[in-house]
Each structure stands twice: as structure tokens, then as C-alpha cells.
Amino acid sequence: TGAVDGTLRLDLVDDDSITDIAGNPLGGAGAGNGNLTGESYTIDKTAPVITLTGSNSIRIEAGSFYTEPGVTATDNVDGDISSRIITNGFVNVGELGIYTLTYTVADTAGNEATSARVVTVQDTTPPLITLNGDNPVRVEFGTAYADPGASAYDIVDGDVTSSIGVI
């Protein structure tokens, strides 16, 4: 027992004293016919390491695209096990919020590692105001002016024309 990695080498000499559950000697009856020498077993109690490319906290603008910067996994025995990474979670770029992507991987010994990336979808882009009619507008002195109006669109809130205020 223990908590370290390593290699165990097993050498058994058959003197018919090692038996299976039914009492049969290792390798059958007769001394020497069940010798085991040089059997090696790898003991792996070390979890893999997950490495996130870029920051573990990302901010993106609503309505844009989320592109995963990358994630890799390595193990002290199995080497590169990036292809075994399982990603859980999603990022909805159409809805403001905080999204967590969780990455999990296990090596062949069953040791598991988990890492996470937090993606914040935010709206820092002001609405786009579109003026109706000509710009600039020329009005002759002493004549009435009729404002042709404007429209406004926001990437998150959609049509916000009704929120336009004239100063």
C-alpha cells in the first residue's frame, strides 16, 4: 500500500507451495514448472494534468462568437491524453450571463483531473441609432421643421426605438 507511483517487479519461484483457490499448484504439479520471473507492474496514483490555453476567465461581447482557446492533458504514464478530455457546459452568446465549461480527463489507471473555464457574456456595445432622412438637414429660416425620426437597435435588446429621447 502507499500513495506513490513506481514499478513493482515480481519474481516467483515455483516449489508447488503456491496454489490457486482450488488448491492446484502454480503451473501444475512438479517443481519449477510455474516460475514467474521479471514480471513488472506499473503503479500509477498520479492524476493527469489539464492545461488551459489562455485565461481560465474570459469575457466576450454578446452576439459575438465564442472560440475555445484550447485545452490539453498530459499524464506521467500515458503521455498526451488530450483526446480523452470531456467538455461539459456551453456558452450562449445570445444571452448575457456567466457560463462555466468543465473539462475532465482520466488516465488508464483511472486517475481523474478536472479544470474549469468561466466565460462571461457581456453587453458593452451601445445601441446603433439610425437617423431617418437626410443628414445634415437644411431648414430655411422661418419655416416649420418636421423631424423625420430615428430608429435604434441593440445587439441584446433588439429594437429599442421607443427608448430614443430627443434632447
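Modeller: In what follows, a helix is a DSSP run of H or I with at least four residues, a strand is a run of E with at least two, and both are numbered from the N terminus. This is a predicted model, in which local features need pLDDT of at least 70, side-chain atom pairs count only at pLDDT 80 or more, and totals for chains, interfaces and linings use all residues. Residues are numbered from 1 along each chain as its sequence is written, and side-chain values use heavy atoms, with hydrogens and water left out.

Colleague: How many helices and how many strands does the chain have?

Modeller: From the N terminus on, the elements run β-β-β-β-β-β-β-β-β-β-β-β. The chain therefore counts, by the DSSP runs, zero helices and 12 strands.

Colleague: What share of the residues in the chain is buried?

Modeller: A residue is buried under 20% relative accessible area, exposed over 50% and partly exposed in between (1.4 Å probe, protein chains only). The chain has 167 residues, and its buried share is 20%.

Colleague: In what order do the four strands of the open sheet stand?

Modeller: Two strands pair if DSSP finds at least two bridges between them. Pairing in this open sheet is mixed, and neighbouring strands are turned by 25° against each other on average, direction ignored; axes are lines fitted to C-alpha atoms, for helices over the stretch in contact, and angles run from 0 to 180 degrees between N-to-C directions. The edge strands, S4 and S7, each pair on one side only. The order is S4-S9-S8-S7.

Colleague: How many bridges join S8 to S9?

Modeller: Strands of a sheet pair through backbone hydrogen bonds, either parallel or antiparallel. S8 and S9 run antiparallel, and Thr102 has Ala116 in S9 as its bridge partner. The number of bridges joining S8 to S9 is 10.

Colleague: Is Thr104 buried or exposed?

Modeller: Thr104 is found in strand S8, residues 97-106. Contact means heavy atoms within 4.5 Å, and, leaving aside neighbours within four places in sequence, the contacts of Thr104 include Ile50, Ile86 and Ala113. With a relative accessible area of 18%, Thr104 is buried.

Colleague: What is the relative accessible area of Thr120?

Modeller: Thr120 lies in strand S9, residues 112-122. Neighbours within four places in sequence aside, Thr120 is in contact with Ile58, Arg59, Ile60, Gly97 and Ile98. Thr120 is buried, and its relative accessible area is 13%.

Colleague: Which residue forms a salt bridge with Arg117?

Modeller: A salt bridge is a side-chain nitrogen of Lys or Arg within 4 Å of a carboxyl oxygen of Asp or Glu. The closest N and O atoms of the pair with Arg117 are 2.7 Å apart. Arg117 lies in strand S9 and its partner in the loop between S4 and S5, so the pair ties together parts that are 49 residues apart in sequence. Arg117 is buried at 0% relative accessibility, and the partner is Glu68.

Colleague: How far apart are the closest N and O atoms of Asp78 and Arg84?

Modeller: The structure holds two salt bridges, and Asp78 with Arg84 is one. Asp78 is partly exposed at 24%, and Arg84 is partly exposed at 35%. Their closest N and O atoms are separated by 3.5 Å.

Colleague: Which residues form the aromatic pair?

Modeller: Rings of Phe, Tyr and Trp (its six-membered ring) pair if their centres lie within 6.5 Å; planes under 30 degrees apart count as stacked, over 60 as edge-to-face and the rest as tilted. The structure holds one such pair, and this one is tilted, with 5.9 Å centre to centre and 55° between the planes. One partner is exposed at 55% and the other is buried at 11%. In that order, the residues are Phe90 and Tyr99.

Colleague: How many residues lie between S11 and S12 in their hairpin?

Modeller: S11 pairs with S10 in the antiparallel sense over four bridges, where Thr130 stands opposite Ser151. S11 is also joined to S12 by two bridges, again antiparallel, and Asp154 has Gly158 as its bridge partner there. The number of residues between S11 and S12 in the hairpin is three.
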